[in-house]
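Here are some short exercises to work through with the model open beside you. Try each task before you read its solution.

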Amino acid sequence: MAAVEFVDVRKSFGAFPVIKGVNIEIADGEFVILVGPSGCGKSTLLRMLAGLENISAGEIRIGGRVVNGLAPGERDIAMVFQNYALYPHMTVAQNMAFSLMLKRAPKADMDQRVDKAAGILGLTKLLDRYPRQLSGGQRQRVAMGRAIVRDPQVFLFDEPLSNLDAKLRVAMRAEIKELHQRLSTTTVYVTHDQIEAMTMADKIVVMHDGVVEQVGAPLDLYDNPANLFVAGFIGSPAMNMFKGRLNPDNANQFIASDGTALPVANPPAGAKGRDLIYGLRPEYILLDANGLPAEIVVIEPTGYETQLIVRFGGADVSCVFRERVNARPGETLRISIDAPHVHLFDAESGQRLSA
């Protein structure tokens with residue numbers, strides 16, 4: 001196991017910069033997820049850590065050692081790809097042992113490592129099968145087993161669940177997290193799925209356009225987004241946002257662009273007179289018989305909760321209620337806002353303003 005550091009790492013393809021000075025510290029044994037939309041640079045960063053892509057500037061360190069000039073095989077890492085890349089003519093056991101075969105490891109050592117990894121991943125009864133005889137989840141576990149037998153300092157995962165159906169993705173999320181808790185190996189995991197990031201990571205790195213927008217524990221990012229991008233990307237349904245300004249005569253009141261007055265519990269200093277974005281998570285909109293009127297646009301019952309889109313404050317707003325809502329689209333319900341959970345962002349810079 002080892003710590004991983006990115007120190008002012010940059011990458012350009014010709015004159016086009018794709019990684020723009022990234023600094024990340026990953027502690028020994030930590031499970032860190034790089035998350036962001038397609039094209040943000042997260043997979044490029046992972047490939048540079050693996051040695052599959054050269055860096056243009058900066059340093060990458062594994063266990064305190066600069067690895068910029070080292071070949072992938074010299075970095076003591078193991079990578080699991082989106083495409084499982086299993087050899088179809090080899091059995092599960094042979095696929096898992098392949099890297100050890102290349103190193104000419106003793107057969108007894110290979111068998112011991114494969115048996116141990118198979119036991120961890122529930123593959124013991126499948127060792128004599130071929131990849132074509134396995135389900136998608138079983139193939140994914142074989143790819144993970146191939147990484148485990150190498151006993152690396154760092155595990156790298158590049159969107160490993162993208163090819164699985166929704167139910168299997170949920171199951172594999174739990175399996176990967178349990179595997180990390182058992183092995184405690186430093187893990188760097190790339191995904192565009194913020195639900196995967198929230199449920200699996202010790203620490204999330206949110207990337208956008210080649211830069212790191214925010215680093216933190218999942219709930220820290222959810223509760224205290226640094227800027228509009230993080231606020232809109234982390235959370236499902238996404239945070240609701242209203243354009244407007246504070247009431248010049250009452251700082252505890254935000255006036256949306258359509259004139260609707262919204263409550264503010266802790267107005268930030270210096271926010272008066274500035275164009276602002278009022279951010280509100282869907283679960284902090286409450287049903288209230290004495291509240292403000294909102295027109296129902298869409299109702300989405302999910303069983304344990306009801307998601308609604310309502311027209312309110314000059315925008316279509318997402319709401320999440322634990323109550324069953326007995327209403328139809330086109331009708332009006334009344335809502336109030338849990339003001340202490342409101343965020344205010346500077347409209348020009350996108351940065352969250354602190355009270």
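**Exercise 1: After a helix**

Which residue with a positive phi follows α2, and which residues of this helix are buried?

Solution. Start at the end of the helix: α2 is followed by Arg 104, and the phi of Arg 104 is positive, near 55°. Keep in mind that this is a predicted model. Next, go back along helix α2, residues 92-102: its buried residues are Val 92, Asn 95, Met 96, Ala 97, Ser 99 and Leu 100. Finally, look at what lies over them: the cover includes α3 (107-121) and α4 (136-148).

**Exercise 2: A covered helix**

How many residues of helix α1 are buried, and what follows the helix?

Solution. Helix α1 spans residues 42-50 and is mostly covered, with seven of its nine residues buried. Those buried residues are Lys 42, Thr 44, Leu 45, Leu 46, Met 48, Leu 49 and Ala 50. Past the helix comes Gly 51, which has a positive phi near 90°.

**Exercise 3: Two domains**

Describe how domain 1 and domain 2 meet.

Solution. First set the bounds: domain 1 runs over 4-229 and domain 2 over 237-353. For comparison, the unreviewed UniProt entry lists residues 4-234 as "domain: ABC transporter". Over residues 4-234 the chain is 37% helix and 26% strand. Then take the separation: the centres of the two domains, taken over C-alpha atoms, are 38 Å apart. Now count contacts: eight residues of domain 1 touch eleven residues of domain 2. The two domains bury about 810 Å² between them, with 49% of that on carbon and sulfur atoms. On the domain 1 side, Tyr 222, Pro 225 and Leu 228 supply 67% of the area buried against domain 2, more than any other three residues. As a last check, the rule finds zero salt bridges across this interface.

**Exercise 4: Salt bridges across the sequence**

Which parts of the chain are linked by the salt bridge of Glu 5 and Arg 61? Then do likewise for Arg 274 and Asp 346.

Solution. The whole structure holds 17 salt bridges. One of them joins the side chains of Glu 5 and Arg 61 at 3.7 Å, N to O. Glu 5 sits in strand β1 (residues 4-13) and Arg 61 in strand β4 (residues 57-62), 56 residues apart. Both ends are partly exposed, Glu 5 at 24% relative accessibility and Arg 61 at 25%. Glu 59 joins Glu 5 and Arg 61 in a network of salt bridges.

For the second pair, the closest N and O atoms of Arg 274 and Asp 346 are 2.8 Å apart. Arg 274 is in the loop between β13 and β14 while Asp 346 is in strand β19 (residues 343-346), so this salt bridge ties together parts 72 residues apart in sequence. Arg 274 is partly exposed, at 31%. Asp 346 is buried because its relative accessible area of 8% is under the 20% cut-off.

**Exercise 5: A strand residue and its contacts**

Is Gln 253 buried or partly exposed, and what is Gln 253 in contact with?

Solution. Place the residue first: Gln 253 lies in strand β12 (residues 250-256). Its relative accessibility is 25%, so Gln 253 counts as partly exposed. Leaving aside neighbours within four places in sequence, its contacts are Arg 245, Leu 246, Asn 247, Ala 261, Leu 262 and Val 264. Among these, Arg 245 also forms a salt bridge with Asp 275, at 2.7 Å from N to O.

Conventions. Residues numbered from 1 in each chain as written. Predicted model: local features only at pLDDT ≥ 70, side-chain atom pairs only at ≥ 80, totals over all residues. Heavy atoms only, no water. UniProt positions renumbered as here; feature names shortened; annotations may be inferred. Helix = DSSP H or I, 4+ residues; strand = E, 2+ residues; numbered from the N terminus. Domains from an automatic or database assignment. Contact = heavy atoms within 4.5 Å. Buried area = accessible area lost by both parts, 1.4 Å probe. Salt bridge = Lys/Arg side-chain N within 4 Å of Asp/Glu carboxyl O. Buried < 20%, exposed > 50% of the residue type's maximum accessible area, 1.4 Å probe, protein only.
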